[in-house]
Amino acid sequence: MMIEGTQEYSLNMGPQHPSTHGVFRMVVHLDGEVVTKVEPKIGYLHRGLEKMAESRTYTQFIPYTDRLDYLAGPHNSLGYVQAVEKLMDTEVPERAEYLRIIFAELGRIASHLVMIASGSLDISGWTPWSYCFRDRERILDLFEMTAGNRMTPNYFRIGGVSQDVPEEFMPALKSFLEDMPEMIEEYYGIFFGNEIAQSRMKSVGILPKELAENLLITGANLRASGVQYDVRKAEPYGIYDRFDFQIPVLYGCDTYDRHFIRLLEIQESKKIIEQAYKDIPAGPVMTKVPKVLKPPVGKVYHRVENPKGEMGWYIVSNGSTKPARVRIRTGAFVNVQMLPEIVKGWKMQDLVTIFASMDLVLGEVDK
Amino acid sequence: MVSDILRVRVSELAARFNGEVEENLGELELTVDGRYILEALTDAKNFADVPCDFLHDLCGMDLGDYLEVVYQLSSLRGPQRLRIIARVERDNPAINSVTQIWKGSDFLEREAFDMFGLQFRGHPNLKRIYMWDDFEGYPMRKDYVIESHEQRAVMRVRKEGE
């Protein structure tokens with residue numbers, strides 16, 4: 001029997017697949033080698049964090065927040081503790097504010113390094129991967145010496161941070177900052193300036209500005225599509241308004257720019273940490289908060305700029321020790337929706353590159 | 001901080017749809033009946049001078065007697081923020097989908113359906129997103145009973161024809 005023309009067939013990819021960066025699953029419809037449609041299927045890492053929050057006290061929920069975006073733990077907790085502090089009208093000591101910024105921005109650098117590393121690994125670049133992980137390890141060491149944990153430090157508390165940094169922290173941070181320009185040059189030379197990387201990524205997977213806004217894309221992916229928007233500038237939280245930094249924006253809208261903007265953001269984060277390192281005052285790191293937290297009745301919506309996109313915390317308090325509702329809006333969850341839109345017409349191997357450029361972490365997608 | 005011009009626009013909107021305006025912790029909140037949500041959001045998106053044109057979040061909320069759908073609006077071009085809350089009946093939690101205004105609300109609505117059983121009319125693909133397809137009940141509702149560990153540990157029996 002003869003089959004006329006070509007037939008479309010569907011292929012299951014994931015949830016156990018090295019290129020899906022976790023437990024992401026997609027059903028890919030292919031015409032030959034060309035992708036015609038992608039259906040993302042998520043929920044393999046769903047732990048029901050929103051439900052869990054309702055049966056835990058405000059303080060007990062802090063460790064769970066680190067597990068959302070486990071590559072940049074501190075920034076998730078930052079959003080949560082600041083939302084609760086807003087609700088309770090708590091003042092945070094100066095030193096704690098600076099330590100929070102240092103940790104949050106170190107987390108951002110660590111997260112972006114993993115993104116660049118895995119992006120290069122997906123196009124078979126092994127060396128950039130080892131360079132990025134080598135340097136990320138120094139950040140994780142800084143987390144470990146302070147809070148005891150490498151990836152989920154659980155360092156922030158409602159009203160401050162759990163403890164002051166140890167003596168050896170500041171010298172280690174200083175030497176890391178001093179080495180950073182050289183590291184960035186290395187990444188540029190081996191990955192972004194590489195001809196193979198450029199030919200694989202440039203003008204692949206275009207996400208136009210209008211589409212990005214309509215799809216509610218946030219974070220670095222939006223900024224790589226030509227929208228200069230960052231919550232740290234638009235609605236400064238914590239003490240971000242004291243620092244001098246830029247919001248990088250690129251207009252290429254393609255996979256290369258979505259990778260490259262992360263490198264630019266690392267440089268801006270470095271600037272912030274340098275200023276915080278210079279200005280950090282001495283003093284207490286924790287304010288006096290009651291043992292049993294009972295925020296007054298009310299609701300708050302607090303936004304922070306997570307490395308993966310904007311994170312929103314909608315906390316409703318009914319005056320008891322446990323929240324009535326904790327809603328977590330995660331950037332990566334909404335950003336998944338760009339995948340089916342931008343892969344149409346690209347080949348199977350481009351799908352892997354495009355997927356890497358979206359910078360998803362499944363802890364945040366599945367909550 | 002809430003600007004005066006946004007306050008005026010929101011009170012105009014509230015008067016049109018018989019809504020209530022509240023302000024606390026520097027956030028403006030408008031509560032309307034679920035029937036008017038599409039018109040209210042379209043208007044908010046096209047506010048003169050202070051367009052709230054970016055749907056930052058959409059989520060469900062269980063208040064016992066009724067359910068709420070909470071829309072957090074912001075803008076990429078200004079500092080304005082607005083929260084619109086739509087009330088829907090508990091027995092018939094149907095509300096119009098906003099996917100025609102923001103394509104990206106697709107997943108957010110699917111999640112609200114999955115967790116609260118909110119029926120979004122006009123949604124292109126209203127299926128469970130986190131839980132599996134034959135999961136029963138809506139886990140984020142307050143009356144959802146969490147089964148004991150022993151019950152949950154029982155393996156799912158394959159249905160006929162699967």
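Two residues are in contact when their C-beta atoms, placed from the backbone, lie within 7 Å. Keep that in mind for the exercises below. The model is a predicted one: local features need pLDDT of at least 70, side-chain atom pairs count only at pLDDT 80 or more, and totals for chains, interfaces and linings use all residues. Residues are numbered from 1 along each chain as its sequence is written, while chains are lettered from A and ligands numbered from 1 in the order in which they are written.

**Exercise 1. Work out the overall build of chain A.**

Step 1: start with contacts. In chain A, residues 24 or more positions apart account for 71% of the contacts with a separation of 6 or more.

Step 2: tally the elements, which are DSSP runs numbered from the N terminus (helices: H or I, at least four residues; strands: E, at least two). Chain A has 15 helices and eight strands.

Step 3: check the size. The radius of gyration, taken over C-alpha atoms, is set against the globule rule, 2.2 Å times the number of residues to the power 0.38. Chain A comes out at 21 Å, close to the 21 Å the rule gives for 367 residues, so it is as compact as a globular protein of that length.

Step 4: look at burial. A residue is buried if 20 or more other C-beta atoms lie within 10 Å of its own, exposed if 12 or fewer, and partly exposed in between, with C-beta atoms placed from the backbone. By that count, 49% of the 367 residues in chain A are buried.

**Exercise 2. Find the kink in H6(A) and see what packs over that helix.**

Step 1: helix H6 of chain A covers residues 169-192 and kinks by about 40° at A:Met180, shortly before the proline A:Pro181. The bend is the angle between axes fitted to the seven residues ending at a residue and the seven starting there.

Step 2: the buried residues of H6(A) are A:Leu173, A:Tyr187 and A:Phe191. Their cover includes helices H4 (94-122), H5 (126-147), H7 (195-201) and H11 (255-279) of chain A.

**Exercise 3. Contrast E1(A) with E5(B): which strand is in the open, and which is enclosed?**

Step 1: strand E1 of chain A (residues 8-13) has six residues and zero of them are buried, so it lies largely in the open.

Step 2: find its partner. Strands pair if DSSP finds at least two bridges between them. E1(A) is joined by six bridges to strand E2 of chain A (residues 25-31), running antiparallel.

Step 3: strand E5 of chain B (residues 82-89) has six of its eight residues buried, so it is largely enclosed by the rest of the structure.

Step 4: E5(B) pairs in the parallel sense with strand E2 of chain B (residues 27-33) over five bridges, and B:Leu30 stands opposite B:Ile84. With strand E4 of chain B (residues 66-74), E5(B) pairs in the antiparallel sense over eight bridges.

**Exercise 4. Follow B:Ile84 into the core.**

Step 1: leaving aside neighbours within four places in sequence, B:Ile84 has contacts including B:Leu30, B:Ala44 and B:Tyr71.

Step 2: a nonpolar core is a set of buried Ala, Val, Leu, Ile, Met, Phe, Trp, Tyr and Cys residues joined through C-beta atoms within 7 Å. The largest has 141 residues, and B:Ile84 is among those with the most contacts inside it. The largest share of this core, 15 residues, comes from H4(A).

**Exercise 5. Describe where the chains touch.**

Solution: 28 residues of chain A are in contact with 26 residues of chain B.
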